[in-house]
Each structure stands twice: as structure tokens, then as C-alpha cells.
Amino acid sequence: MEDETEQTFKLFYLWLYSQKMVGEVGREHKGWLELAELFVFADKRGAPKLKNRIIDEIVARNIQLRIVPVTVVPYVYANTLESSPLRKLLVDLVAWDIDVQSSNVFDTPQSYTKDYLFDLVRAVDERPSPRNPTNAPYHKNICSYHEHDEEAGKTK
Ligand SMILES: [Zn+2]
């Protein structure tokens, strides 16, 4: 498949054999697209543990770096289904943080696809009020973005 680069394969096999994740928390914001590509790859191959791990990585980076990876929105919306937890996370990160951290979400307006903006408006509308960032769903219940194998129980 043309969109699956050699790099993505490498990262996938690295994860399979060592459970290592791409890059490390705190290292710039390089690698967002790699993470998104790896997520899509894991999605196609039915590797939920890897998808969960990527969700965790994005939230951890968000906490540490105060960055929302909006530049990957067009890629993610083109390559995932409506129900994708990665879509939900990218929406909720902005919905909950948009006026808290102010800056980088406005840097790349071309990142906001129509579908994404629609999801964002809905998510903003559904936020409880008054809003407290520590009540964000990705802090309170990260498992709502995970896929857990019922047989294996919680994989977190
Ligand atoms: Zn979980």
C-alpha cells in the first residue's frame, strides 16, 4: 500500500519486538505524523495495544509540551473512520485546551478540515460548565480512547 512508508513498517516492527514507542516524551514535537501514520497502520492490522500506546503517548506529550498536534488532523481525518478514538482525542485536546494554552492551535489554520471543525464545535458545546482542564476526558478517563481486548482485560 502506497501510503505505508518504509519508516512506518520499521516503527511497527520495532514496537512488535521491543514495545518501544516512537521517540520519547519531551523531544520537540517531531514525530507527530509518524505517530499518526503508525496509528493508522495499527488500525488496519488490528493492533489495539499499539493504538492505545499511541493515544497515551499523545496525551503524555500534550501534558509535557503543552502542544496539540493539529497538523496531523487532515491526515487522520483522511485515514480513519468517524468512530476513531484518535479523531476524538484530537478534537477533545483542542476543545478543552483552546483558550487555556492559547497559542499553537491557531498557527496552522489549514489543519482544520470541515469535518474536524464540525466535531470540534460539537465537543465544545458538550463540555460541562464551568470547565476545569483537569476534568478533561483524556485526563479523567483515558480508557475512553482505548480499545481493550475483552479476553485479555485491561491492557493499560
Ligand atoms: Zn485503557
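**Note on an all-helix chain**

1. Overall make-up. The protein chain has seven helices and zero strands. Along the sequence, the pattern reads α-α-α-α-α-α-α. Keep in mind that this is a predicted model.

2. Burial and contacts. The protein chain has 156 residues, and 29% of them are buried. Now take the contacts between residues at least 6 apart in sequence. Of these, 71% join residues at least 24 apart.

3. Helix 2 against helix 3. Start with residues 32-44, which form helix 2, and residues 48-65, which form helix 3. Their axes come within 9 Å and cross at roughly 160°. Angles over 145 degrees count as roughly antiparallel. Helix 2 and helix 3 are therefore roughly antiparallel to each other. The crossing of helix 2 past helix 3 is left-handed.

4. Who meets whom in that pair. Helix 2 brings L35, L38, F39, A42 and D43. Helix 3 answers with L50, K51, I54, E57 and I58. By class, this contact has seven nonpolar residues, three charged ones and no polar ones. Find D43 in helix 2, and K51 and E57 in helix 3, when you look at the model.

5. The nonpolar core. Which residues touch the most other members of the largest nonpolar core? They are F39 and L89, in a core of 29 residues. Four elements give two or more residues to this core: helix 2, helix 3, helix 4 (73-79) and helix 5 (85-97).

6. A closer look at F39. F39 is one of the helix 2 residues that meet helix 3. Set aside its neighbours within four places in sequence. F39 is then in contact with K51, I54 and L86. K51 and I54 are among the helix 3 residues in the contact with helix 2. L86 is one of the helix 5 residues that meet helix 3.

7. Helix 3 against helix 5. Here the axes come within 11 Å and cross at roughly 10°. Angles under 35 degrees count as roughly parallel. Helix 3 and helix 5 are therefore roughly parallel to each other. Helix 3 passes helix 5 in a right-handed crossing. On the helix 3 side are I55, I58 and N62. On the helix 5 side are P85, L86, L89 and L93. This contact counts six nonpolar residues, one polar and no charged. I58 also belongs to the contact of helix 3 with helix 2. L89, in turn, is one of the two core residues named in point 5.

8. Helix 5 against helix 6. Helix 6 covers residues 114-126. Its axis lies 9 Å from that of helix 5, and the two pack at an angle of about 55°. Are they parallel or oblique? Helix 5 and helix 6 are therefore oblique to each other. Helix 5 passes helix 6 in a right-handed crossing. From helix 5, R87, V91, D92, V94 and A95 take part. From helix 6, the partners are Y116, D119, L120, A123 and V124. The residues of this contact divide into seven nonpolar, three charged and no polar.

9. F106 in the loop. F106 sits in the loop between helix 5 and helix 6. Is it buried or exposed? A residue counts as exposed if 12 or fewer other C-beta atoms lie within 10 Å of its own. F106 has 11, so F106 is exposed. F106 and V70 are 36 residues apart in sequence. In space, C-alpha to C-alpha, F106 and V70 are 9.1 Å apart.

How values were computed. Residues are numbered from 1 along each chain as its sequence is written. This is a predicted model: local features need pLDDT of at least 70, side-chain atom pairs count only at pLDDT 80 or more; totals for chains, interfaces and linings use all residues. Axes are lines fitted to C-alpha atoms, for helices over the stretch in contact, and angles run from 0 to 180 degrees between N-to-C directions. Angles under 35 degrees count as roughly parallel, over 145 as roughly antiparallel, 65 to 115 as roughly perpendicular and the rest as oblique. A crossing is left-handed if the near helix is turned anticlockwise from the far one by less than a right angle, and right-handed if clockwise. Two residues are in contact if their C-beta atoms, placed from the backbone, lie within 7 Å. Ala, Val, Leu, Ile, Met, Phe, Trp, Tyr, Cys and Pro count as nonpolar, Asp, Glu, Lys and Arg as charged, and the others, Gly among them, as polar. A nonpolar core is a set of buried Ala, Val, Leu, Ile, Met, Phe, Trp, Tyr and Cys residues joined through C-beta atoms within 7 Å. A residue is buried if 20 or more other C-beta atoms lie within 10 Å of its own, exposed if 12 or fewer, and partly exposed in between; C-beta atoms are placed from the backbone.
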